[in-house]
Amino acid sequence: MFSYAPAPESRSVVEIASSYGLFIDGAFDPSKDGNVFKTVNPATEEVLAEVASAGSEDVDRAVDAARRAFQSWSTLPGSERAKYLFRIARIIQERSRELAVLESLDNGKPIKESRDVDLPLVAAHFFYYAGWADKLGYAGFGPDPKPLGVAGQIIPWNFPLLMLAWKIAPALATGNTVVLKPAETTPLSALFFADICRQAELPPGVVNIVTGAGDTGAYLVQHPDVNKVAFTGSTEVGREIARSVAGTGKRLTLELGGKAANIVFDDAPIDQAVEGIVSGIFFNQGHVCCAGSRLLVQESIAEELLFSLKRRMSTLRVGDPLDKNTDIGAINSAAQLARITELSEIGAQEGAERWSPECQLPDRGFWFAPTIFTGVTQAHRIAREEIFGPVLSVLTFRTPAEAVEKANNTPYGLSAGIWTEKGSRILAIAGKLRAGVVWANTFNKFDPASPFGGYKESGYGREGGRHGLEAYLA
Amino acid sequence: MTATASIGLSDLRSFLHGLPGVDKVGVESRAAALGTRSVKASAKASAIDLAIRMVDLTTLEGADTPGKVRALCAKGRRPDPADPSCPAVAAICVYPAMVPVAAAALAGSGVHLASVATAFPSGQAPLEVKLADTRAAVEAGADEIDMVISRGAFLAGEYNRVFDEIVAVKEASGAAHLKVILETGELATYDNVRRASWLAMLAGADFIKTSTGKVAVNATLPITLVMLEAVRDYRIAYNRQVGVKPAGGIKNTKDAIKYLVTINETVGDDWLSPDWFRFGASSLLNDLLMQRTRLTTGHYAGPDYFTLD
């Protein structure tokens with residue numbers, strides 16, 4: 001075998017401090033009560049930094065700062081706000097190598113993804129919404145739409161900087177100010193973003209970053225002076241947030257879990273479908289809410305397709321996230337690894353057949369080999385529950401109608417994929433799928449101009465595109 | 001014959017049109033992703049030596065003379081006169097008229113001698129002329145024949161005619177290895193590339209080759225990827241291995257390594273050998289040599305330190 005020598009991206013392009021404070025009103029400060037937590041590199045379990053844990057008084061201070069900043073930020077001409085956003089986008093591009101390495105260190109995702117997917121999309125998102133800032137009157141929400149005020153935003157750990165961009169870019173473009181809480185296991189890129197805000201001379205208080213765990217998020221959501229809550233994360237937490245916001249008059253958007261069907265018809269371009277299945281479930285270790293975690297394959301080609309899929313999976317390279325040739329990096333946390341492991345064991349107990357390619361996993365850190373389950377039925381838990389890891393459940397169908405029925409037979413509805421060479425079939429099936437995003441002959445492709453969001457328990461509201469402005473405008 | 005019996009000539013069209021389609025966006029993005037693999041240090045050194053051993057060092061000009069061909073043969077036998085550890089190329093590829101000269105120059109070297117034939121590059125000649133062209137090249141000492149298919153016939157849907165021509169040329173080639181040039185730049189779509197690959201393999205090709213090097217679009221990574229998928233699937237179906245030769249437009253080491261990566265991750269080890277993969281190229285060799293010297297000495301030498309072809 002032609003083996004590639006190690007090709008590690010240099011860690012020295014990023015300088016991580018030993019401790020970080022909260023970013024409130026344009027300055028980094030420790031938390032009021034001095035509480036901190038550690039963030040680790042999931043590939044090695046090495047502690048990367050200590051980060052302040054925001055309590056209720058810290059959140060109060062952040063919301064106050066955002067409220068004060070709102071007065072002037074919301075009255076700036078859109079063209080002026082755009083300048084800041086363009087500046088932020090450019091700085092992100094300039095610092096993209098540093099940010100990509102940082103993201104891979106704190107999250108565990110392979111450098112080729114943070115470098116080629118996350119960072120370009122982050123910059124693109126800021127560029128895109130910068131363009132809207134002075135054209136809001138033409139966005140279809142009335143001649144003079146107004147910002148809401150202070151947005152409390154809570155983001156997950158799977159795409160830390162990208163989810164930050166999805167939240168902050170439209171909020172600022174529309175004239176809102178924000179208090180954002182990054183995930184507990186991946187706080188660092190948000191703190192580096194805070195530094196970028198200072199570099200861009202963004203007025204203090206327009207962006208505030210409060211790090212912490214679930215409690216910090218709960219304070220933020222419940223804060224009476226927050227006008228808008230935007231959350232991306234689990235359906236369970238999303239429900240709690242919806243409950244606590246109910247009746248308060250706060251606007252809410254939720255982007256929650258998924259159990260997407262990736263439907264492969266017998267006339268699909270097989271080699272490309274295999275690539276789409278692989279990127280659908282193994283991209284970002286399967287830590288993707290819109291991952292194609294249920295493969296629905298037409299029974300007449302199931303054997304052939306699975307043969308090709310397994311062969312392709314045998315070439316996946318699992319290991320050091322900083323190696324440029326790594327395809328699958330580390331699972332983000334011990335807790336997530338435990339959940340993936342548990343659900344996979346349940347899958348095997350329930351009678352599904354488990355398969356992974358041979359692969360050597362590192363001794364330290366959190367790892368899970370790419371895995372597929374065949375012989376899965378709608379009744380299996382691994383076909384119903386979100387695993388959020390590199391685990392694919394394979395089901396079969398006989399007719400297009402059955403494919404649609406099975407695809408929709410889930411409490412979720414975030415995304416779906418269709419693979420066929422027949423254009424008319426793509427259009428017919430896409431119209432019947434209850435999913436916010438339907439990909440045809442591709443999967444897991446993102447663009448800032450395209451709205452993203454879910455049906456049913458996958459949440460409500462849309463992020464991205466013109467639609468994404470609506471959540472931040474009155 | 002290999003597989004024709006099991007398919008039946010009359011079914012050729014339905015067979016070729018029944019092959020899974022190729023999604024253009026998907027295959028191009030897969031090729032681009034393979035192109036991002038980082039091959040450094042020891043991996044790069046062995047990749048460069050392998051690539052040199054896979055080169056079909058080629059001259060196909062109206063201006064080719066015996067002197068030019070002899071110089072090319074000397075270069076192919078010993079690409080880096082300053083370094084005896086540098087391997088020889090796989091073959092020298094010339095026009096039929098130059099085969100006698102090349103045969104003499106390569107005698108005893110182990111370097112193969114390939115000749116284009118069948119009214120290269122257009123293939124627009126009567127079958128008898130093409131067969132005579134082929135026989136002449138083999139008789140003069142070529143042990144590999146690079147034939148062109150009739151793209152006109154293929155595009156007109158006359159698959160049986162293309163098939164029969166390949167069968168006839170294969171027979172005329174005798175013991176020589178037959179490389180079938182699809183001229184993918186003229187076939188235009190990936191679906192056609194896949195169909196033509198299968199057609200050539202079913203007709204008995206030992207190698208399928210992308211291009212003549214004489215049209216606007218020559219070898220590309222996604223086209224080669226589609227052809228590699230075809231030889232992979234063909235071997236599973238018919239238990240016979242067919243080689244692949246991208247030709248034209250592969251000019252530097254970086255590109256060559258992308259091809260090796262694509263072989264590695266599409267068909268694997270079995271094709272990582274000059275017996276099963278070739279680069280049809282001329283200027284590629286000097287870049288490989290330059291990079292090879294850089295890896296051993298730590299610095300780049302100027303072009304004057306590498307011989308002209």
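This is a short talk on a predicted model with chains A and B, covering the fold of chain B, a sheet in chain A, and the contact between them.

I will start with chain B. It has 14 helices and eight strands. Its radius of gyration is 19 Å, and the globule rule gives 19 Å for 309 residues, so chain B is as compact as a globular protein of that length. If you lay the C-alpha trace of chain B along its principal axes, the spans are about 60 × 45 × 35 Å. Of the 309 residues in chain B, 54% are buried. Taking contacts in chain B between residues at least 6 apart in sequence, 74% join residues at least 24 apart.

Next, the strands of chain B. How is the sheet of eight strands ordered? The order is S7-S6-S5-S4-S3-S2-S1-S8, the sheet is open, and the pairing is parallel. At the edges are strand S7, residues 243–245, and strand S8, residues 279–281, each of which pairs on one side only. Neighbouring strands of this sheet are turned against each other by 25 degrees on average, with direction ignored.

For one pair in detail, take strand S1, residues 55–58 of chain B, and strand S2, residues 91–94 of chain B. These two run parallel and are joined by three bridges. Within that pairing, B:Asp56 stands opposite B:Ala91 in S2(B).

One residue of chain B to point out is B:Arg70. It sits in helix H5 of chain B, which covers residues 66–77. Is B:Arg70 buried or exposed? Neither label fits: B:Arg70 has 16 C-beta neighbours inside 10 Å, and therefore counts as partly exposed; buried would take 20 or more, and exposed 12 or fewer. Which residues does B:Arg70 contact, leaving aside its neighbours within four places in sequence? Those are B:Val101 and B:Ala105. In the same part of the sequence is B:Ala103, 33 residues from B:Arg70 along the chain, and the C-alpha atoms of B:Arg70 and B:Ala103 are separated by 9.5 Å.

Now chain A. An unreviewed UniProt entry lists residues 32–473 of chain A as "domain: Aldehyde dehydrogenase". That span is 41% helix and 16% strand, and its end C-alpha atoms lie 33 Å apart.

Chain A has an open sheet of seven strands, in the order S13-S14-S15-S12-S11-S16-S17, and here the pairing is mixed. Its edge strands are S13, residues 353–355, and S17, residues 437–440, each pairing on one side only. From one strand to the next, the twist averages 20 degrees.

In general, strands of a sheet pair through backbone hydrogen bonds, either parallel or antiparallel. A parallel example in chain A is strand S14, residues 371–374, with strand S15, residues 391–397, over three bridges. There, A:Ile372 has A:Leu392 in S15(A) as its bridge partner.

Last, the contact between the chains. How many residues does each chain bring to it? Chain A gives 19 residues and chain B gives 23 residues. On the side of chain A that touches chain B, the largest share comes from helix H9, residues 270–282 of chain A, with five residues. By type, the residues on that side of chain A are seven nonpolar, seven polar and five charged.

Definitions and conventions. Residues numbered from 1 in each chain as written. Chains lettered and ligands numbered in written order. Predicted model: local features only at pLDDT ≥ 70, side-chain atom pairs only at ≥ 80, totals over all residues. Helix = DSSP H or I, 4+ residues; strand = E, 2+ residues; numbered from the N terminus. Rg over C-alpha atoms; globule rule 2.2 N^0.38 Å. Contact = placed C-beta atoms within 7 Å. Pairing = 2+ DSSP bridges. Axes fitted to C-alpha atoms, helices over the stretch in contact; angles between N-to-C directions. UniProt positions renumbered as here; feature names shortened; annotations may be inferred. Nonpolar A, V, L, I, M, F, W, Y, C, P; charged D, E, K, R; others polar.
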